[in-house]
Structures are given as structure tokens and as C-alpha cells.
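Here are some exercises on how chains meet and how copies are related. Have your viewer open and work through them one step at a time.

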Number of protein chains: 4
Amino acid sequence: MAGSTLGTMFRIMTWGESHGKGVGVTIDGCPAGLSLCEEDIQKYLDRRRPGQSRFTTARQEGDQVEILSGIFEGKTTGTPIALIVRNLDQRSRDYRAIMDVYRPGHADYCFDAKYGFRDYRGGGRSSGRETIGRVAAGAVAVKLLSHYGIQVEAYTKSIGTIEIDPRHFDLAEREKNRLYMPDATAAAAAEAFMDELMQAQDSCGGVVECIIRGVPAGVGEPVFDKLDACLAKAVMSIGAVKGFEIGDGFAAAQSRGSVNNDEFYTEADGAVKKRTNHSGGILGGISDGSEIVLRAAFKPTPSIVRQQRTVNRAGENVEIVVKGRHDPVVVPRAVVVVEAMAALTVADLLLLGRCAKL
Amino acid sequence: MAGSTLGTMFRIMTWGESHGKGVGVTIDGCPAGLSLCEEDIQKYLDRRRPGQSRFTTARQEGDQVEILSGIFEGKTTGTPIALIVRNLDQRSRDYRAIMDVYRPGHADYCFDAKYGFRDYRGGGRSSGRETIGRVAAGAVAVKLLSHYGIQVEAYTKSIGTIEIDPRHFDLAEREKNRLYMPDATAAAAAEAFMDELMQAQDSCGGVVECIIRGVPAGVGEPVFDKLDACLAKAVMSIGAVKGFEIGDGFAAAQSRGSVNNDEFYTEADGAVKKRTNHSGGILGGISDGSEIVLRAAFKPTPSIVRQQRTVNRAGENVEIVVKGRHDPVVVPRAVVVVEAMAALTVADLLLLGRCAKL
Amino acid sequence: MAGSTLGTMFRIMTWGESHGKGVGVTIDGCPAGLSLCEEDIQKYLDRRRPGQSRFTTARQEGDQVEILSGIFEGKTTGTPIALIVRNLDQRSRDYRAIMDVYRPGHADYCFDAKYGFRDYRGGGRSSGRETIGRVAAGAVAVKLLSHYGIQVEAYTKSIGTIEIDPRHFDLAEREKNRLYMPDATAAAAAEAFMDELMQAQDSCGGVVECIIRGVPAGVGEPVFDKLDACLAKAVMSIGAVKGFEIGDGFAAAQSRGSVNNDEFYTEADGAVKKRTNHSGGILGGISDGSEIVLRAAFKPTPSIVRQQRTVNRAGENVEIVVKGRHDPVVVPRAVVVVEAMAALTVADLLLLGRCAKL
Amino acid sequence: MAGSTLGTMFRIMTWGESHGKGVGVTIDGCPAGLSLCEEDIQKYLDRRRPGQSRFTTARQEGDQVEILSGIFEGKTTGTPIALIVRNLDQRSRDYRAIMDVYRPGHADYCFDAKYGFRDYRGGGRSSGRETIGRVAAGAVAVKLLSHYGIQVEAYTKSIGTIEIDPRHFDLAEREKNRLYMPDATAAAAAEAFMDELMQAQDSCGGVVECIIRGVPAGVGEPVFDKLDACLAKAVMSIGAVKGFEIGDGFAAAQSRGSVNNDEFYTEADGAVKKRTNHSGGILGGISDGSEIVLRAAFKPTPSIVRQQRTVNRAGENVEIVVKGRHDPVVVPRAVVVVEAMAALTVADLLLLGRCAKL
């Protein structure tokens, strides 16, 4: 168990490196009877593809998913669903410049310290391609959740210091700009900022927000497997995420109980609702029936085409310039990854929750 | 597996309610040969006791830990270490006021939705007393880590909007004030703020910061069991935590790669170091050898002695006043809980890491 | 995770040594709403007590279970159920004779090799008292299963070479003799054999058979978590068990397909039944709706009051006589342990199976 | 987690059906630095291929393994090793005869009861092809174990009632006959018996014995994860296995302590040895340093070309003849599967054991 397994009931195991034969994931525990085809998964993979914008790397990956098992006559059988995406672009590159040098902000040094050596071709398991397995499995989780009336939607909340304006929020806008921002004005400002960054050979970070609708009250386990704790782990496990919030998050630390407590009320049909949602849909680690709201902070892409000081394997102080095309910001491509991780987490705890009562 | 288990190698299972016979924890997987006595654990439990300040509940709990198993001739045997703390104050109270009402900001409604009923005496498993098991097990993890030269220290970083000033940072000060703030000036201001809040029958939140020193590079598993992801889950599983950061956290989302990348250099003795620590000691989910820095945002205590609107089990809109003495802020008592969760996580991943190489 | 956890949904963690403060178990994952009291558990513990026969050790243990958590108003809450049995008989004994010597047939040498030292007082975690946690948790599993119409019953099938005669099988007889044999004639012969063994300062083994009735078809997971595989692990984990069979077991290896295949037929009410049950109620690792039949072979008690050759910690060849009263056969006391392990396994897989379909 | 995961440190997840696109396995937790190539795995897969004998099905499968990830410059990287074997023979067959009928002795009825429907093409996940994933992963475990001086070897001990004679035991003979029997005389008798069975359109079972050499004392966890318990689960999870023994197994139940206890002695070089090995190399669930000996009883192949009575999905009593070529005995092909399961279990517990001491 070297970290590539996630989930108890809806369990996934991912595999693959950026420059190996392919990447993939196996899902064990998807209930039998769910309609599922490759297109259900492909449309999620397409959303994480680069080349959709001039701010994301131009390499056309064309990641095509193949379902290898677990489907019979268009439906899940309850047995493992193996998914594979072949790496098409395996051309030999010249890695001599980085093979013995630890890139600042990357995991190179840590992998070497851990395993005694590292796969220096494109980052190995710390590469962005590792997220293909997450997204592919997440698409299956999304399909399962939709069967139960649950939707998961994420978007770019901010790029650098440019944030969407809640008054201009329009989810439909998300698809119309290449930064996945649901606010046309903010998106335009962010695109201008990106141009400036590329000019300056620099990169930036941003925040992704995710809304999960339709989760019934009662999902999440007390104590260690709280819904928010599991969401935090799932989202923080995405490369480059440095912060996580649920509901009001860090702002709650500056609030008061009289403001932060969400009052309950009953609707005409007897449904229990909350007047506000500072909790972000989770109380005591268990869903309270309102929208689940979470945010993830992504650090700036560490790959920048600037000279940086670092160390090589021989322990010498050296300088490095990381060549090649790099995304100046990972956030737009990470939106679908956050959705995937959220969906995987809710699916797992939803199934686990079936055993809470006699 | 209803959420009360944490960890793979250093695995713990906690149990107990605030108003049952006691609370406790069993640790399975502490290596054999570690010196351990009740005092090692008691001193950590004493740090989470209320009654140490006029801002924390006055009830004298006097939680005494008893080691029931796993120690022979003063050393761990490698077999389970069972720890128990009896609840002394089990006097029958009058819970009629809250037994059928869902307290705003509490997990009452969620537990009812999940299990079909709830233990209304003091919150059951969502009570603050649940953290005793965490702290007791955490103290053992701390002892184990100290054997390997690793220290874990947390403190109050902010109370409401009052934050410690890094220029006045003095860890020794932490023990001198009742808010566990390592800055005498900030502590004084926070105490004044607390008085005002108590007057106003209100409560507030705050931020705890935790530093882990001495973790060698290479701890943490790639992909899903990244060190920061596991820390996030562990810390977010503490009741009332709504946000988590590692290193620069959300500030990193507003930074640039040229600033956020920590450059490596080699010291005279060949040790690889970083010039800055924006990463908070973790790159690609694996420790990089520098200090691990994390923060947790706590929401305001939901129990306030004010009239609030809510709903009862019959689905009627009602009003509630939660009587009794309550902490207007949980942060000072939570400091040791954050330490415990951090220690448990690092101990588990440190042991898991023994299998990374041949 | 040093081996003291069992189960995924109905998960238990046991703790305690024979000569420490007590032994116990925590159950995490028992569904909410099950009526449960100490007497439900005590009656199972009483069945494993020694002193009920002149062939089992005379020490009166009087193991009294205490429920510490997880019950509210007589019902399970869905949160952990902690159970403790204090060790009453902790008088200091003289262990000098065995503390440095590895008893033949015991785990002394293995524990020392594993942990670098051992708790020599009565076997530590390899003591028969370790089974108290199993039986206490098993009693809860039995209560849960009975809610779903499932019964688990075990008995002594053979003692040494003396086996019950299927034609004289009478389960009621089981309670009437001290060897738990459901055949009065065989029991009488076995008692005579036991007398002879005690005279000869020797010991013997035997076989326990267990029948599980009422398990619906469909319980068990394909591939690695087959119902029979999980039962095998659970039962083989009982100290002294050296063999396990399901249905016809080893006899099936000598049979033919035309005989061994159980033909299906439909009853008037549409129920699918089998004409025979060579499979022992499990096909492809999944329950087939008929009785589940399993057997466990126990080796002779290794503690015999005879001079034996062995080795001490210093690596010297020495002789040893293990003094004290010992059961010449563990089988009668193990019957309830087999029931417990079978119940724990079926309960876990029954709950897991709730997630098989949409 | 629907049963397709095995192991904690050396964890595998298998996938695939007999008539889908392929079968495979992903290994997460193989330590970094192990030399590994496809040939290491292929030679194990070749041993389970049919068509090597007239007693095993003639279909040429030609299962070619492909390593998809986890290897860099000929060595394991510590990250997941994904292995795939494409199903070549996917020609459409006529399954109408069995698609609505439950074959006696097969898992058809149980899968239907569990999932609400079944993949009727060749047994789905209960097919013998499912073992390809086990053998492929097992080959990697074997390679890892050999690095630590551990060998795993299994052979056919008996076919029906024909058993090898210990006096004629010759492991080299195993490769010379198609039944994998290490005794030429017994092999000849068994081949004659097989001819007779095929004539009679019947099938038979048999016993596989496995010897594991070189396991140091101290492997295995106390209580639930005993080495023998884990071996039992792993081996009993192979389709058609109905019984499991360690060391003397069921014969121990008829033995006496004075005979069954293995006495220890010290060799000239200080090594602790045992004069006998009734324990089969495991005491108290932990390896004792001597050879580990286990046996698995396989039932007769349920597929026989005879008319049998059964039930269809509509609940009608019907008759069935299962056409096609079937192995009259699975034992020879199962030998390598038993080796694989034993190797996977020992590898996992060997790695886990690294955390037993400080």
C-alpha cells in the first residue's frame, strides 16, 4: 500500500507514469446495475486536456479511455472496472539537463530521498498525468452519484489575486472561457494577467471552488472519517494543493457564534432547511442536507523558464533552467480533478452509510 | 468501520461518549521497545483539560489515564496499548430542553438523520470529550517520534481577528497565558476580547498553527496518501475545524512561481537545505526535510447562551437557549489535539515508509 | 496495524494480555438500533470459562464483561462499543522457570524473534485469554445476525480419534456433557480417553464443527474476500488451529464431479434449494442459501507436565517441565470461539453486501 | 471494496473477466530497486496455461503479459506495477444454453442472487482466468522473496485417491509429468485414472502441497493476521479450494502433545532449530524459522459433460448438459496459483514485520 489506493467501498487504485506506456485506474466496488460507457468517462477526460487554451500546455494528448472490464451489456456488473489510457507521446526526450538536478518546487528531491532513485522522465508519479486515473474514476463516481440525484460542479474561483464576483456568478460562463471562471469580467482580467505572467516567464496559483448538491443529510462517519476530513484528504492529495476549506473556512475563524451558527427551519412540506450555510453543508462531519461547498488553494506552477538555484545529486550547488512548454497556472485543468476527488469521496461515504442502521 | 479507526501501521481506534462510562483508545502497531508510562500520556491529557482558564469550561474533569495493556517492564511489547479515561462526572442532568431539539451549529440533526436517533446527552461522539482518545494516542505517537528526533509543537496563532505578531514570537510564552499564544501582547488583547465576548453571550473561532521538526526527507506516499493529504484529513477530523493549510496555504494561490519556489542549496556538511520554506516542508506529498508547518481554522463554539431559532424532531419551528457553561472559544484546548493528530499522522507514515526500498 | 483488527464494516480491535490488567475489544460498525445488554455478551463469555469440567483448568476466572460505550437506552447507537473484562487473578507467580526458555509448541521463540523480547507471563497475546475479546465481540455479532434470522452453532466433532456418530447426533446433548459433544456415547468415550491422557501427563487435539443457518444467498465477495476465505482466516487465527474445511473439505478432493455437484431444484413456493450440500453452503465464495458447514482442527495442547528438550535465550540446549494446571484439550473451550469467529465474519460480509447493487 | 484487493503493504488489485477484453492486476507497494522484467512474470503465467496436457483444456491461450508501469531502467520504482494480459479468444459463442440456467457446482446462482444479474459468458469473475492476475502478481512477489532468500514451491500431492509416496518424492519429477506430481509412479497411476474419468465424462479433485523455505523466524502478526490465517485466506480464495492445512493439519487433531510438540535445539553455529516440524513452520501464527508446509484440497471440476438436474432463472426445474472442453481436474493448473498466493502472503507480512521493532 504505497498510497495509490483510495476509498473503502468505492475503492480505486491508480497507476502509471507520465512517460511510461500509459496511465489507468481500477475501480472495485461500483454497485452492479449502473449504465456506463466509455463516453461517460471520455467527456471528463476531455475537460482536463491541455491545448484548450494558450495558457495551458499545447501538447495534444488525445487521451482516449478504454474500459477493460466490469461492464456487461452496458451495465456495471459489481466487479472491478479497469480503465486504461495509453500514453501516445512517448518520444525520447533529452532529460540530461534535469536527470541529476532537483527542480525547485518539484518532488524530485523527495522521491530520491524516499526510493533511492527517481524516474526523472517528466516527474513519474508526481506528474500531472497521474490525475488521469483520478478523473476517469471520478467520472464513474459522478455517474453513480447522479443516479442518486447528486451533482458535483467546480470552477475557478480565483487566479492569482483576481477573484470572481459573486454578483456576476454565472455557471454557464464557465464553459465559455478557458480559465473555467463563472464570471466573464473576472475571466477577462485573469486572461490579461496570464499574458503578463507568460511575458515575465513566471507562473501563478489560484483557487478552485466546488459545490456538491443533493447529498442527503447523514453522509459521513463520526470522528476520523468525517465527510469534510475525507474531502480534505482527497482534495489535498491533488498535486500543488496547499489549502482546503469547507463552508466559510478560514473566515469562520474570525466570525462569531451568533453569526456563524446556521439556524434550522422547517419548510411547508416538512423538509428541514437552514437559513444560512456557513457550515458548507457539513456539521460534526456529517452532511446536513444543504449544499456542500469546498475550496482548494493551488500554488503557482513550479516549472518556470527562469534561471533558479538548486542542488544536484552529487550535492553541488548548481543553477537550472527548466525548458519546455509549461502551464503558467494549473488551476483551469485542475477544476475537473477537484470534481473527481469530491465525487469519489461522496460516493464512498454514501455507500458506507448504508450500514449505519439495522 | 464507522469512522473510529485511524492509521495503517500505527493504527488507533477510539471509543466513548461524553456521558457514558468513559472514553478511550487502543493503539495497534506501536513498535516494541519504546519506554512508555502513564505520566507520558497524562501530561498531554492535562493540557486539554478545561478549568485552566476562565475562558474554558470550569468543570473539573480530572481525566486520569490508565494503561490497560501493551506494556511490559516499562516498554511497549508491540501488541495493542489500550488506554482508558473514566468519566467521573456522570450525574444525571436535565436534557429535556435539548433532547428533541436540533441545536444550531451542532451535529444533532445530522446524527439523527444518519442513525435514526441520537444520544442527546452532551453530544455523544460529537462531544469535545471524544478528543481524549486522540490526545492519549497522540502522546504515545509523540513519544515514538521523539525517539527518532522528531518534535511536534502547536500554539494559538489567532483568536478571532487577533493574531500573533511573528516579530514577538516566543514559544516559551505559550505556557504563560491561558490562550496558548506565543506572544504576550496578542494574548493580552485576546483575553480582553474574550471578556467582551462573554459579556455579549457570544463565541469566536481562531487558528492553531503546528510545527513539526526533524522529519527526514522521504516521508509520505505518492498520490493519495501524501503527507499533507493525511495531515489534512487528521486535522480536519477534529470537531469545529473548517480550514487547513500547509506552508503558505491560501496565500500561495496569490503568489508567483518565482517567489513560491524554494531554492535548494547544500550546506558545508553536504546536507541539502532550502533557502525558504513556502512549501511548509512537503513537496509532492513527501517531506523535504525542512520544518513542516500547518494551520487549522476553528469555527466559533456553536454553544451560545442566546435565543436561537431552530427545529425539533417533530418538525416544528421552535426557539432554543442552550444553557450551561460553555467555552466561548475552543482553540486553546484544541492546540494539544492538533499536536496529537499531527503526531499520529507522521508516526504512521514514518513506519509505512520503512517499506519503500528493498 | 499489528494484527489486532478484524473486519471492514463490522470491525473489531482486541487488546490485552493474560497477566495484564484486563482484556477487551472495541467494535466499530455495529449498526444503530440493535438491542444489546451485558447479559447478551456475558452468556457467551461464560461458555468459554474454565472450571466447568475436570478436563479444563480449574482456575475460576469469573470473567465479567462491562460495556463502556456505544449503547444508549438499551440500543446500539452506531458508534464504537467498547467491552472490557478485568483480569482478577493477577497474583505474582514465579516465572523464572520459563522466562528464559522457549516452551516447545508455544509461540515463545517466535515472539522473541519478532519483537526482540517477550512478555513471558502466561503467553502474553498468544494466551488463551486473548480469545475473550473475540467471544465478547462475537456475541454482539451473533445478536446482530439473529436480528436477520441467522444462527451460528458449533460443537465438538471429535476428541483425538473419538468422533461423534452422525446417527446419534443430538444438539441438545451438547450442553449436557463437558466436552460439548452432541452425542452422549461419543462424549462418554472421550471422557474416558481424557482420564487416560491426564494419567499419562499428555494432551490431545480435536475437531470443532460449526453450522451457520439462515444466511441468504449472495453473501461474500468474489475473488479475495470470498465467504469461505474470510471464514478460513477468522477460524485459522484462533490459536492451535491447524486445519480448516468448508463443506466436504478434504474429502471433496477424493470425490468426483458427478457426486460432488449439488443439484438445484425449486420448491413449491419457488425457493431455490439444493438436493445435497457438499459445497457446505458456499459456491464461488458466495453463500448459496443452504447451511454453511465448516470445521477446524485443533492441535494438542502444547503445555504438558513432562520433561521436554528445548533451548533457552542464551542458545543453550536445556530441558523444561511446564508446571501448573493445563487443559489436556482446548477443544471444548474453543467451541464458542469458533462460533464467535464465524459470526464476526458473516456479520461483516452481510453488511458489505449491502453495497453490491444500486 | 468488492473483494478484489489483497494485502496491506504488498497490495494487489485484480480485474477482468474470462470473456472481456483482458485480465490484469496492479501491485502497489513493491519496494523500489527490485530488478523485474516481463519474462520474470511470463514464465509463471506459462505454467498455468492449459493445453500442456491432454487432461487440461486444449484452448491455446498464449497469455502474454505486458508491464504498463512501475519499472524504470529495469528496476521497480516503488510505485504501482500494472500488468495486463489481453484476452485473445473473444469469439462470440452461443451461451443461450446456459445464460438462464444455474450450473450445478458453479457460482451462477450466487452471483445472480448477489448482483441481480450475471455475466454468463464463461463465468465472469468466477472463471479460472481470474487466476491470471494472481499468478502475475505472485511472480513479482516470488522475485521479491527470492531477493531475501525465500523460495516457494508447490506440487500436486494427490489426484483423487492417488497420492505421492514420500519415499519416492523427487521435485525434479514434477516438471516431467503433466500432473505436476513429484513422484513418477504416482503420476503414471494418476494419468491412468484421468483417462478413466474422461471416459466416464466425470471429473475429480486433488490436493496441492506447498513448501516455503527461508522465511526467517518472526514473520506474521499476532491474533488476527497470523501467518497461517493469512495463508489460509489467500489459498481458500482460489476457486474450488474446500480445505486448508498447515503442518500436520487435521492429523494434528488426532495426535498427542508429547508427539506433536516440536522440540528446539541449538546447532553448533548457534542457530535455533526444531527436531521435527509438526507445526509446519508456524507457532502462534508467527514463522518459527523452519519450512512452512501447507496443503489445499480442491474439489472436482464442476463442469462435466453429463446431464444434470438444476433450476433456471424463471424458477423452473430443468436439465442441463454443460458442453465444451473442460479440465477433468484443475489441480495441475492450480499448483502455480497456490505458489502465487503463498508468495503474495509472505511478501506482505514480511514487509509489515519491518515495523515490529523500534
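Before the first exercise, one definition: copies are superposed by least squares on the C-alpha atoms of residues with pLDDT of at least 70 in both. The pLDDT enters since this is a predicted model.

**Exercise 1. Symmetry of chains B and C**

Find the operation that superposes chain B on chain C, and name the kind of axis.

Solution.
- Step 1: Superposing chain B on chain C takes a rotation of 180°, with 0.0 Å of shift along the axis and an RMSD of 0.0 Å.
- Step 2: That relation is the one a two-fold axis gives.
- Step 3: To place the axis in chain B, look for Met13(B), whose C-alpha is the nearest to it at 3.7 Å.
- Step 4: Now compare the surfaces. The interface residues of chain B are, at 100%, also interface residues in chain C, so the copies meet through the same surface.

**Exercise 2. Chains A and B**

Work out how chain A is superposed on chain B, and how far their contact residues agree.

Solution.
- Step 1: For chain A on chain B, the operation is a rotation of 180° with 0.0 Å of shift along its axis, and the RMSD is 0.0 Å.
- Step 2: Of the contact residues of chain A, 100% recur in chain B, and the same surface serves both copies.

**Exercise 3. Extent of the contact**

Determine how many residues each of chains A and B brings to the contact, and what area is buried between them.

Solution.
- Step 1: Chain A contributes 107 residues and chain B contributes 107 residues.
- Step 2: Between the two chains about 8700 Å² is buried, with carbon and sulfur atoms giving 60% of it.
- Step 3: Lys114(A), Phe224(A) and Lys242(A) supply 10% of the area that chain A buries against chain B, more than any other three residues.

**Exercise 4. Polar links and strand pairing**

Which interactions join chains A and B?

Solution.
- Step 1: Count the salt bridges between the two chains: there are 8. One salt bridge joins Arg309(A) to Glu263(B), with the closest N and O atoms 2.9 Å apart.
- Step 2: Add the polar contacts, which involve 42 residue pairs across this interface.
- Step 3: Sort the side of chain A that touches chain B by class: 46 nonpolar, 36 polar and 25 charged residues.
- Step 4: Turn to the backbone. Strand S11 (residues 241-246) of chain A pairs with strand S11 (residues 241-246) of chain B in the antiparallel sense, over 3 bridges. Here Phe244(A) has Phe244(B) as its bridge partner.

Definitions and conventions. Residues numbered from 1 in each chain as written. Chains lettered and ligands numbered in written order. Predicted model: local features only at pLDDT ≥ 70, side-chain atom pairs only at ≥ 80, totals over all residues. Heavy atoms only, no water. Contact = heavy atoms within 4.5 Å. Buried area = accessible area lost by both parts, 1.4 Å probe. Salt bridge = Lys/Arg side-chain N within 4 Å of Asp/Glu carboxyl O. Polar contact = N/O pair within 3.5 Å; in protein donor to acceptor, adjacent residues only side chain to side chain. Nonpolar A, V, L, I, M, F, W, Y, C, P; charged D, E, K, R; others polar. Pairing = 2+ DSSP bridges. Helix = DSSP H or I, 4+ residues; strand = E, 2+ residues; numbered from the N terminus.
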